Amino acid sequence: MHRLRTTVARLRPLTAAQTAQTLAQPRLLAIEGGLRTFQPVRRQNTSVAAEPFLNGTSSNYVEEMYYAWLENPRNVHKSWDIFFRNANAGAPPGAAYQSPPPLNGTSQGLASFQTLVGAQPNVEKLVEDHLAVQSLIRAYQVRGHHIAKLDPLNISCVDFDDAPCTVGLQNVELSHYKERLCKLTAGGTTTTSGFYGLAESDLDKVFRLPTTTFIGGNEGALPLREIIRRLEMAYCQHIGVEFMFINDVEQCQWIRQKFETPGVMQFSLEEKRTLLARMIRSTRFEEFLQRKWSSEKRFGLEGCESLIPALKTIIDMSSQSGVESVIMGMSHRGRLNVLANVIRKELEQIFCQFDSKLEAADEGSGDVKYHLGMYHKRMNRVSDKLITLSLVANPSHLEAVDPVVQGKTKAEQFYCGDTEGKRVMSILIHGDAAFAGQGIVYETFHLSDLPSYTTHGTIHVVVNNQIGFTTDPRMARSSPYPTDVARVVNAPIFHVNADDPEAVMYVCKVAAEWRNTFHKDVVIDLVCYRRNGHNEMDEPMFTQPLMYKQIKKQKGVLQKFAEKVIAEGVITPHEYEEEIAQYDKICEEAHTRSKDEKILHIKHWLDSPWPGFFTLEGQPKSLSCPSTGISEEELGHIGNIAASVPLEDFTIHGGLSRILKGRGNMVSQRVCDWALGEYMAFGSLLKDGIHVRLSGQDAERGTFSHRHHVLHDQNVDKRICIPMNHISPNQAPYTVCNSSLSEYGVLGFELGFAMASPNALVLWEAQFGDFHNTAQCIIDQFISSGQAKWVRQNGIVLLLPHGMEGMGPEHSSARPERFLQMCNDDPDVFPKLSEDFAVRQLYDCNWIVVNCSNPANYFHVLRRQILQPFRKPLIVFTPKSLLRHPEAKSSFDDMLPGTHFKRIIPDDGPAAASPEKVKRIIFCTGKIYYELTRERKNRGMDDSVAVVRIEQLSPFPFDLVKAESDRFPNADLVWCQEEHKNQGYYDYVRPRIRTTTNRTRPVWYAGRGPAAAPATGNKQTHLTELQRLLDSAFDLEAFSGKL
């Protein structure tokens, strides 16, 4: 009973005396228009004489009596007992008080009133009412955003009802808002049960506020009418806060405080002036482009001009919190405006892009102006600190840049030792249709909290045009909001009406504070519209006639905001016109200067410069590559590390003990297998201070259980050892990490990581090469063509397990034909030979494609990635069965100083001793070599058939292939591959081999026939096909008589 009464004491409404005292003063509430005075909410329906003791002088006494009554009703006089019972039961003012009985003992009046209200305090009703109010408050917190006025056009609701959402309230009458409150609360009807039994008569009842709300400010209790009003102001105006799904109480309380506390959205005159100036720049920039180049595509920002002050507010707040570098990614909408007014790219450099007579520079093929990136370091005027801004170049593939930005951000954090994300951060700007529709958004979100991928919080800004090209939201997504995907990682979502710049500015401040406080992702849903079509040439009235009729009537956000601040006296009309004229003049002068630009230099738009790596002109410092071999001592040292467990009292698996012992034996015999060759390459680079990062699905152990770079203690959970980090005291750190089950997102991330610095070897390994095609967008749009489009070099390495081994169509082929098709060398032109031919070939190509057949060559090609004076993507078709093949081992002699990567490996057997007797040269690549040599030996044809391995497929080693062809003048030329004829390498190598012979000798094909699938799923069929291609390769009469 005591606990119940204590609870009642905490939940009780205030006494009549306290109510009278509190409401004797006017109530103030902060709203957007300033402070509004509300009339006392208690209605005095009777004279004060009805309750004569209720005045300010007696309030303390009344309160003491009330507490005594709560403890025990017998502690007070019977008349007080009846009064408190009646007041708590909801008796109207004047009726709760009853005069004490007369001295003669007659108690008729008292007894009659007792029968009116009952003998016991209505404790149950008291508790129910407070619980109802708590539930109402929670309903606003959970669903208030559904009825907020978020759409500037006022034509759609979040749940796509036919009727527009109503917003705002002047006088709260519960009956008027029954239907509305039913949307917020559990009840589905307009009856009083819809809001937990609260009735219109409860509007003036005062309730204690729970600790889960901040609407009271300094007040611990409010009338229901005021509670609803403040909740409406917090959750149902131009900001909709979606956060109650977050399962962290502290984070939820933090957000409540930011949006519920009365008076939080107050801005100084200086802040409003700055906001207006930014809106002027954002708006007038687009208007200037429209005046000058009305028929050009530019994907303008009209309808969402508040994006510019939004981004600048985020950057200002972040800079004040200590952020020194911001990496941004965005699609085409508003990109030029962001470059001009956020990154502060020179206006003349932007304007000259519209000149149709502008000549392209020699370097690269270039890209359209609304895809280009930028890097700029400048002083932030708000924080008075230097800040570096980088906008990453991207293709038209919406959202593809997201993981690239995250990878670049992670790399910059890594290189500056920013382990908490306090100095480097990322901002991603999305479109509404793409944010909901593109799976890469989901993949990128799921990297956000992984140890080796987290960037410690990204601020996502969704430019919510409420349309995708010509597609309505109801056709574009199944979720109410485009931002619902963010809920999976507990990211708060702040919806805001983009036509209210002050609300936008406040939301951006809170988002920046959230990121700085919790280092978690946050989403700003900037609900706006698109004044023009998808581009300036597009006619939107074809498909959205009603929407665009409304848009044509819509007053511009700058005009609306300017009228507001002028009315508030923040700025005069004259000052406003002067500000506009000043920016227009800046644009005109820049336009005049832009006419002097005759050549487009794409390098002026570089998003990731590498200071000191190139010459001042952006060229390599040399065109030579030193030997990629290392000393015997270093090979032995790294090999011994690979065969050891550097930590004490560390128990490894018994099977792993055998593997490490085997490595030790190989080191003592001066040989290495594939895993050890990789260890030598990584370890030697780390020792030289080069960071190595390897990621991918199951990359730590290796899909085929060959790598084992992370050892796990069998007795202590989560205790691991990475021997590669114990090579040398001053070595660079080695990062090896299993990735999420994503190719698109993770490869994009690693590409971004490699973009940040040339002095790191960054590798992504596919679980099987077949699976790289889910990341095809990154390969096609960034890796293959990135340098040509954006003059941006990248040394990313793709390790793609490949080989026909009877494992079925999805575990056999890394699709080499696709990579080779995208190589930019000419198959019909024999290149001009020079002393630096091999390196110059590498410099001129768009990427390098290799299929190594032994560990030494794999070792060399990895080290060459760092030692060559430029950076190119490297595609490696890695083996599966060769990982343990007894013949696929290399001697230390092939890895010592003076040795290099071998672009081709000639036949050094009996055939080489008597070249004139050789009847056939079989060119091949990869593991088929071992099957060919075994078959040749079994047939006794070692002296009549030469087998030549082409290790580097692209750029094609024309010079070496010509030398081999000339070496065996009497031999016919055969290309042998295990892949099907319409796949693999044949269509790539055949014309190039023909070019080396000046098309005088045919190139025959030995391999599987054409097929739709990469491989059979039947083991017996696989073996039959293999034997057939071997028979064809060694049948010296197979091609006689054919042309």
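A charge is said to sit over a ring if NZ of Lys or CZ of Arg is within 6 Å of the ring centre and within 35 degrees of the ring normal. By that rule Arg992 lies over the face of Tyr988, at 3.7 Å from the ring centre, and Lys872 lies over the face of Tyr843, at 5.6 Å from the ring centre. The model is a predicted one, in which local features need pLDDT of at least 70 and side-chain atom pairs count only at pLDDT 80 or more, while totals for chains, interfaces and linings use all residues. Residues are numbered from 1 along each chain as its sequence is written, and side-chain values use heavy atoms, with hydrogens and water left out.

The protein chain as a whole comes to 35 helices and 30 strands, where helices (H or I, at least four residues) and strands (E, at least two) are DSSP runs numbered from the N terminus. Of its 1043 residues, 57% are buried, a word that here stands for under 20% relative accessible area, with exposed meaning over 50% and partly exposed in between (1.4 Å probe, protein chains only). Among the contacts in the chain with a separation of 6 or more, 80% are between residues 24 or more positions apart, a contact being heavy atoms within 4.5 Å.

A good place to enter the fold is an open sheet of eight strands, with mixed pairing, in the order β5-β12-β13-β11-β10-β6-β9-β8; two strands pair if DSSP finds at least two bridges between them. At its edges are β5 (239-242) and β8 (374-380), each of which pairs on one side only. Neighbouring strands of the sheet are turned by 20° against each other on average, direction ignored, with axes taken as lines fitted to C-alpha atoms, for helices over the stretch in contact, and angles running from 0 to 180 degrees between N-to-C directions. Helix α18 (residues 501-518) packs on this sheet and touches β5, β10, β11 (458-464), β12 (493-497) and β13 (522-527), its direction making about 165° with that of β12.

Within the sheet, β6 (residues 325-329) and β10 (residues 424-431) pair in the parallel sense over five bridges, and Met328 stands opposite Ile427 in β10. Leaving aside residues up to four places away in sequence, Met328 touches a set of residues that includes Leu311, Ile315, Val338, Leu391, Val405, Ile427 and Ile429. Met328 and Trp975 are the residues with the most contacts inside the largest nonpolar core, which has 170 residues; such a core is a set of buried Ala, Val, Leu, Ile, Met, Phe, Trp, Tyr and Cys residues joined through side-chain atoms within 4.5 Å. The largest share of this core, eleven residues, comes from α18. A second, separate core of 55 residues includes Ala699, Val797, Phe892 and Phe901.

Two further strands can be followed together. All five of the five residues of β26 (residues 920-924) are buried, so this strand is largely enclosed by the rest of the structure; Arg920, Ile922 and Cys924 point one way from β26, and Ile921 and Phe923 the other way. Five bridges join β26 in parallel to β27 (residues 945-950), where Val948 is the bridge partner of Phe923. Strand β27 is likewise largely enclosed by the rest of the structure, because six of its six residues are buried. Strand β25 (residues 904-905) pairs with β27 in the antiparallel sense over two bridges, and Ile905 stands opposite Arg949.

Among the helices, α29 (residues 837-844) has Phe837, Val839, Gln841, Leu842 and Tyr843 buried, and its buried residues pack against β22 (848-850), α30 (855-867), β28 (952-954) and α33 (958-967). In helix α22 (residues 632-642) the buried residues include Glu634, Leu635 and Ile638, and the buried residues of α22 pack against α23 (654-668) and α24 (674-687).

The aromatic rings complete the tour, with 39 aromatic pairs in the structure. Rings of Phe, Tyr and Trp (its six-membered ring) pair if their centres lie within 6.5 Å, and planes under 30 degrees apart count as stacked, over 60 as edge-to-face and the rest as tilted. Trp610 and Phe614 have ring centres 6.1 Å apart and planes at 15°, so the pair is stacked, and both residues are buried. Phe768 and Phe771 form an edge-to-face pair, with 5.9 Å centre to centre and 70° between the planes, and Phe768 counts as buried because its relative accessibility is 8%. Phe285, Phe288, Trp293, Phe351 and Phe354 form one aromatic cluster.
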